[in-house]
Amino acid sequence: MAFDLDTFAETSEAVTWHDLDFDTFDEYPLDHQTLRTLRYMCDVEYHTSCFLREMLVTPSHREEDAAGFMTMWNREEFWHGEALAAVLARHGIQVDYNELKAKRTKLGWQLALSTMKQSALANLIGSDFVAVHMTWGGANELSAVAAYRRLADMTEHPALSPLLQRISQQETRHVAFYTTQARDRLQDSPRAQGLVRTILEKYWKPVGSGIMSEPEVQHVMGHLFGGRGEELDKLDKRIQRLPGLDGIAMFRSAFTRLGII
Ligand SMILES: [Fe+2]
Ligand SMILES: [Fe+2]
């Protein structure tokens, strides 16, 4: 799917959930495992928007489309966080965005790009940075789609499942942006292809790594993807379609390192 910034700008909006009957949570409350996973997702969604300012000073932001997209993308992720926080609040779990933001910003902006920034990008400049950033972002968004869909299927809840489907629908547009950008950078650049392949296969970790504690990452990824190697292969196939990345197995590698599959 190709990405069109104008269409995205015209249709970008907060995920809707006020029409969903949250009273059903009283009758069918979510179990502990699901709440723990949702808490993680909420935190990660909010985390994205804590650092917009910092994201906008990376080399990627100088790309015209990227700056426009990122501003709207950040808002959408924030609204995902809000929707999930509302579900958690129904179960007596409070997640406060401002509190989270204060805590995170104190830890420093390196957290903004988290594992990617720390492990892989320190020595990259210009177009190489952008190629890695966009492919990395595409992988993150692809796994977000898979995670939300999986949780929607697992819970089959009258209010939660439609909400998660709506969120995952928005995530598919994020995938389109990042993969369209990544394709442009990888095309005709064997150097970018080599870098991206090495860095992603070696360093990519599930979204939330480096922000959330290791046991939380383990729990959530095990909960959603434990024993689901074929699901991860499907994600790898999507990345393999990008120029010069045939045969890449970054998802399988990352989840194997975590001991999930
Ligand atoms: Fe999101
Ligand atoms: Fe997203």
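Which residues does threonine 155 touch, not counting residues up to four places away in sequence? The legends below, which describe a predicted model, begin with this residue.

**View 1. Surroundings of threonine 155 in helix H8.** Threonine 155 belongs to helix H8, which spans residues 126–155. Leaving aside residues up to four places away in sequence, threonine 155 touches Thr34, Leu160 and Ser161. The side chain of threonine 155 also reaches the backbone oxygen of alanine 152, at 3.4 Å.

**View 2. Coordination of the iron ion (ligand 1).** The iron ion (ligand 1) is coordinated at 2.0 to 2.3 Å by Glu45 (OE), Glu45 (OE), Glu77 (OE), His80 (ND1) and Glu171 (OE). Along the chain, the donors of this ion follow the spacing E-x31-E-x2-H-x90-E. Distant parts of the chain are linked by the pair glutamate 45, in helix H3 (residues 32–50), and histidine 80, in helix H5 (residues 64–89), which are 35 residues apart. Both glutamate 45 and histidine 80 are buried.

**View 3. Coordination of the iron ion (ligand 2).** Glu77 (OE), Glu141 (OE), Glu171 (OE) and His174 (ND1) are the protein donors of the iron ion (ligand 2), from which they lie 1.9 to 2.2 Å away. The site is tetrahedral, and the angles among its four donor atoms are 90 to 133°. For comparison, the ideal angle for four tetrahedral donors is 109.5 degrees. The donor residues of the iron ion (ligand 2) have the sequence spacing E-x63-E-x29-E-x2-H. Glutamate 171 and histidine 174 are separated by about one helical turn, because they are three residues apart in helix H9 (residues 160–186). Glutamate 171 is buried, as is histidine 174.

**View 4. The bridge between the iron ion (ligand 1) and the iron ion (ligand 2).** The iron ion (ligand 1) lies 3.7 Å from the iron ion (ligand 2). Glutamate 77 coordinates both ions and thus bridges them. Glu171 (OE) is listed among the donors of the iron ion (ligand 1) and also among those of the iron ion (ligand 2).

**View 5. Glycine 227 in the loop between helices H11 and H12.** Glycine 227 lies in the loop that joins helix H11 (214–225) to helix H12 (229–240). With a relative accessible area of 62%, glycine 227 counts as exposed because this value is over 50%. Glycine 227 touches Ile260 and Ile261, when residues up to four places away in sequence are not counted. Proline 243 is 16 residues from glycine 227 in sequence, and the two are 29 Å apart in space, C-alpha to C-alpha.

Technical notes
Residues numbered from 1 in each chain as written. Chains lettered and ligands numbered in written order. Predicted model: local features only at pLDDT ≥ 70, side-chain atom pairs only at ≥ 80, totals over all residues. Heavy atoms only, no water. Helix = DSSP H or I, 4+ residues; strand = E, 2+ residues; numbered from the N terminus. Buried < 20%, exposed > 50% of the residue type's maximum accessible area, 1.4 Å probe, protein only. Contact = heavy atoms within 4.5 Å. Donors = N, O, S within 2.8 Å, 3.2 Å for Na, K, Ca; no water. Polar contact = N/O pair within 3.5 Å; in protein donor to acceptor, adjacent residues only side chain to side chain. Tetrahedral: all angles 85-135°; square planar, octahedral: opposite > 155°, others 65-115°.
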